[in-house]
Amino acid sequence: MKLKKTTIFSILLSAFSAMSLSYASEMGVQAGHNIAVVQTQGGALQGFVQNGVFTYKGVPYASAERFMPPKAVANWQGEKLALTYGEVCPQVPMGGRSFFFTGPEMIEGEHCQNLNI
């Protein structure tokens with residue numbers, strides 16, 4: 001099943017609509033109940049605000065088993081936290097080390113259909 005472009009655009013549009021919320025302080029990171037919460041087709045997402053910028057990490061846009069076509073994301077209940085990066089696709093080691101996408105914040109895994117907004 002091919003994902004509709006409108007799904008991704010709706011996630012982006014929801015994130016930008018969060019900017020209508022009151023702007024955060026220019027100092028530090030703000031996250032918590034009712035801060036940077038947007039509604040998507042899958043459910044509510046809670047991100048964070050840093051220096052007036054709303055950020056949502058690891059937002060799922062599809063799900064798929066290895067080498068299979070993607071499926072729409074299952075809806076979730078409550079607010080899904082979007083505070084950390086999602087998994088990146090498994091990498092083939094190159095010269096004794098993994099590709100540049102891995103690191104302390106980038107974990108390889110099979111559930112790598114996600115966006116950082």
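**Close-up views of a predicted model**

**View 1. Lysine side chains placed over aromatic rings.** In this predicted model, K57 is positioned over the face of Y85, 4.2 Å from the ring centre. A second placement of this kind involves K80, which lies over the face of W76 at 5.3 Å from the ring centre. As for pairs formed between aromatic rings, a search of the whole structure returns zero of them.

**View 2. Overall course of the chain.** The chain contains one helix and eight strands. Their succession along the sequence is α-β-β-β-β-β-β-β-β. Of the 117 residues in the chain, 30% are buried. The views that follow turn to individual sheets, loops and side chains.

**View 3. The open sheet β2-β3-β7.** Three strands make up this open sheet, in the order β2-β3-β7, with mixed pairing. The edges are held by β2 (residues 37-39) and β7 (residues 79-81); each has a single partner strand, so one side of each is left without a neighbour in the sheet. On average, and with direction ignored, neighbouring strands of this sheet are turned by 30° against each other. Strands of a sheet in general pair through backbone hydrogen bonds, in either a parallel or an antiparallel manner.

**View 4. The parallel pairing of β3 and β7.** Strand β3, which covers residues 44-46, runs parallel to β7 and is joined to β7 by three bridges. Within this pairing, Q46 has L81 of β7 as its bridge partner. Strand β3 also holds L45. L45 counts as buried because its relative accessibility is 2%, under the limit of 20%. The C-alpha atom of L45 is separated by 8.6 Å from that of G78, although the two residues are 33 residues apart along the chain.

**View 5. The open sheet β1-β4-β5.** A further open sheet consists of three strands in the order β1-β4-β5, and its pairing is antiparallel. Here β1 (residues 29-30) and β5 (residues 53-55) stand at the edges; each has a single partner strand, so one side of each lacks a neighbour in the sheet. Two bridges connect β1 with strand β4 (residues 48-50), and these strands run antiparallel. Q30 finds its bridge partner in β4, namely V49.

**View 6. N51, a loop residue with positive phi.** The loop between β4 and β5 contains N51. The phi angle of N51 is near 55°, a positive value in a residue other than glycine. With a relative accessibility of 40%, N51 counts as partly exposed.

**View 7. F67, a further residue with positive phi.** F67 belongs to the loop between β6 and β7. Although F67 is not a glycine, its phi is positive, at about 65°. The relative accessibility of F67 is 76%, a value over 50%, and therefore F67 counts as exposed.

**View 8. The salt bridge between E110 and R66.** Side chains of opposite charge can pair when their charged atoms come close. The whole structure contains one salt bridge. This salt bridge is formed by the side chains of E110 and R66, with an N to O distance of 2.8 Å. E110 is located in the loop between β7 and β8 (residues 114-115), and R66 in the loop between β6 (residues 59-60) and β7, so the pair ties together parts that are 44 residues apart in sequence. E110 is partly exposed, its relative accessible area being 36%. R66 likewise counts as partly exposed, at 46% relative accessibility.

**View 9. Two cysteine residues, C89 and C112.** C89 has a relative accessibility of 40% and counts as partly exposed. C112, by contrast, is buried, with a relative accessible area of 14%. For the structure, the count of disulfides comes to zero, where a disulfide is taken as a pair of cysteine sulfur atoms within 2.5 Å.

Definitions and conventions: Residues numbered from 1 in each chain as written. Predicted model: local features only at pLDDT ≥ 70, side-chain atom pairs only at ≥ 80, totals over all residues. Heavy atoms only, no water. Buried < 20%, exposed > 50% of the residue type's maximum accessible area, 1.4 Å probe, protein only. Phe/Tyr/Trp six-rings, centres within 6.5 Å; stacked < 30°, edge-to-face > 60°. Lys NZ or Arg CZ within 6 Å of the ring centre and 35° of its normal. Pairing = 2+ DSSP bridges. Helix = DSSP H or I, 4+ residues; strand = E, 2+ residues; numbered from the N terminus. Axes fitted to C-alpha atoms, helices over the stretch in contact; angles between N-to-C directions. Salt bridge = Lys/Arg side-chain N within 4 Å of Asp/Glu carboxyl O.
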